[in-house]
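User: Please pick one residue in the middle of things and give me a close look at it. Then work outward, so I can see how the rest fits around that spot.

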Amino acid sequence: MHSRERSLLLNSNNRNSLETERFLEILEVKSKKIMKHGFIGFGNLTRAVYHGLKEEKGMTFAYFARNRKEVDILFCEQINDLVSFADVIWLGIKPQDLNGILEQLKECNLDGKTIVSPVAGKSIAYIEQYLGKNQLIVRIMPNLAMAYRKSVTAFTTNRPGNKKAREFFALLGKLGKAVELEESGFNLFTSVFGSGPAFILAFIQIFKDKMQEFNLPGPLIDELLLELTQGTTLYFAQNQKNYSIEELIRNITSKGGTTQAGLEYFRDHQIGKHFEGVLDAARNRSEEMSRNGR
Ligand SMILES: NC(=O)c1ccc[n+]([C@@H]2O[C@H](COP(=O)([O-])OP(=O)(O)OC[C@H]3O[C@@H](n4cnc5c(N)ncnc54)[C@H](OP(=O)(O)O)[C@@H]3O)[C@@H](O)[C@H]2O)c1
């Protein structure tokens, strides 16, 4: 164990014996390559990352947040302890809390660390203002489906050929589909894939509201709608290589039938155009956040 890590361990008064044991266990495993993830903030997103990765071999985890959480991983009371522990440091805080955290991070020794930012609307250049251009920074835009290894995640970095950046990109592949993207594309990507799950659910909510006419219990309606979406997703998944989305819609549409009537309304009332407005609003907000920092 490095002497700095050992002294950190000994100096930490508030750590209980179970945590100390865990900390030792983590630090002693030196024989094989371990990726140590440190989460700054343990909210919706970093929890999803943790759930997606916890069964992976060769990973250990710790977090730093304002309050301790009910989770069986190491809690660091000081940001410095987390930085000493981790190779990969996840910025799991809200955009408005980012500069406060970066102010603290710039006082830490970040040599050899990978800084990962999923923070919406915050550029690599913004983070470099605090941590410097030599710091390896990876910017990603994931979604909460990371927990089920089904996120669609955009990736970019300030050091494209860097080995650690490549390793991190490979890791994202375990959490769903990862795609390298120019940073200028992040605002639109955020609206489609970051906020996308909420928009799709909002669509499902419209179906649910309509189903109130059946007078069925709410949980049953949710189950039925879940089956509908899973069936639709499966249909899409099974046929997506050979058919376009338009063709898949056409396959469900009989001439003069109910689906056709609904789709005509959809087109006549430009529902698609309106829905595009939802995506544009999210993209505009992301652009605005990039500009003014909130
Ligand atoms: N949620 C998503 O679907 C999603 C998708 C893509 C990207 N993102 C990005 O991911 C980031 C995190 O989002 P989230 O939804 O996970 O947020 P969240 O649930 O609100 O979690 C934020 C976390 O930050 C911690 N925190 C705030 N200020 C802190 C400070 N000064 N020191 C230490 N910890 C602090 C909070 O700690 P306490 O709990 O102790 O207060 C909390 O655990 C955001 O920047 C967002 O843009 C989120």
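**Around I40**

Analyst: Let's start with I40: skipping neighbours within four places in sequence, it is in contact with F64, I79, L82, I89, W90, L91, G92, I93 and I101. Bear in mind that this is a predicted model. What makes I40 a good place to look in the largest nonpolar core? Of that core's 46 residues, I40, L91 and V116 touch the most other members. As a general backdrop, nonpolar side chains in soluble globular proteins tend to be buried together.

Now for the sheet. There are 8 strands in an open sheet, ordered 3-2-1-4-5-6-7-8, and the pairing is mixed. Strand 3 (74-75) and strand 8 (176-180) sit at the two edges with a single partner strand each, so each has one side with no neighbour in the sheet. For strand 3, there is a parallel pairing with strand 2 (59-64), made over 2 bridges. Within that part of the sheet, A62 is opposite L74 in strand 3. Helix 3 packs on the sheet here, touching strand 1 (35-40), strand 2 and strand 4 (88-91), and its direction makes about 165 degrees with that of strand 2. Further along, helix 6 (124-131) also packs on the sheet, where it touches strand 5 (114-117) and strand 6 (137-141), at about 145 degrees to the direction of strand 6.

With those ranges in hand, the contacts of I40 are easier to place. I40 itself falls within strand 1 (35-40), and F64 falls within strand 2 (59-64). I89, W90 and L91 all fit into strand 4 (88-91), while I101 belongs to helix 5 (95-105). As for V116, that core residue lies in strand 5 (114-117).

Helix 5 is worth following a bit further. It packs against helix 6 at an angle of about 40 degrees, and the two axes are 9 Å apart. On the helix 5 side you'll find L102, E103 and L105, which meet I127, Y130 and L131 of helix 6. By class, that contact has 5 nonpolar residues, 1 charged residue and no polar ones.

And where does the ligand come in? A shell of 24 residues surrounds it, with G41, G43, L45, R66 and A120 the closest. Helix 5 gives the largest share of that shell, 4 residues. Helix 3 (44-53) and helix 5 each supply at least two shell residues. The shell's make-up is 13 nonpolar, 8 polar and 3 charged residues.

Finally, a few loop residues deserve a glance. N215, in the loop between helix 9 (196-211) and helix 10 (218-239), has a positive phi of about 60 degrees without being a glycine. N215 counts as exposed because it has 6 other C-beta atoms within 10 Å. Q270 also has a positive phi, near 50 degrees, and isn't a glycine either. Look for Q270 in the loop between helix 12 and helix 13 (271-292); with 11 C-beta neighbours inside 10 Å, it is exposed too.

T253 sits in the loop between helix 11 (245-252) and helix 12 (258-268). Its 15 C-beta neighbours inside 10 Å make T253 partly exposed. Beyond four places in sequence, T253 is in contact with T259, Q260 and L263. For the T253 and L263 pair, the separation is 10 residues in sequence and 8.8 Å from C-alpha to C-alpha.

Key
Residues are numbered from 1 along each chain as its sequence is written. This is a predicted model: local features need pLDDT of at least 70, side-chain atom pairs count only at pLDDT 80 or more; totals for chains, interfaces and linings use all residues. A residue is near a molecule or strand if its C-beta atom, placed from the backbone, lies within 6 Å of it. Ala, Val, Leu, Ile, Met, Phe, Trp, Tyr, Cys and Pro count as nonpolar, Asp, Glu, Lys and Arg as charged, and the others, Gly among them, as polar. A nonpolar core is a set of buried Ala, Val, Leu, Ile, Met, Phe, Trp, Tyr and Cys residues joined through C-beta atoms within 7 Å. A residue is buried if 20 or more other C-beta atoms lie within 10 Å of its own, exposed if 12 or fewer, and partly exposed in between; C-beta atoms are placed from the backbone. Two residues are in contact if their C-beta atoms, placed from the backbone, lie within 7 Å. Two strands pair if DSSP finds at least two bridges between them. Axes are lines fitted to C-alpha atoms, for helices over the stretch in contact, and angles run from 0 to 180 degrees between N-to-C directions.
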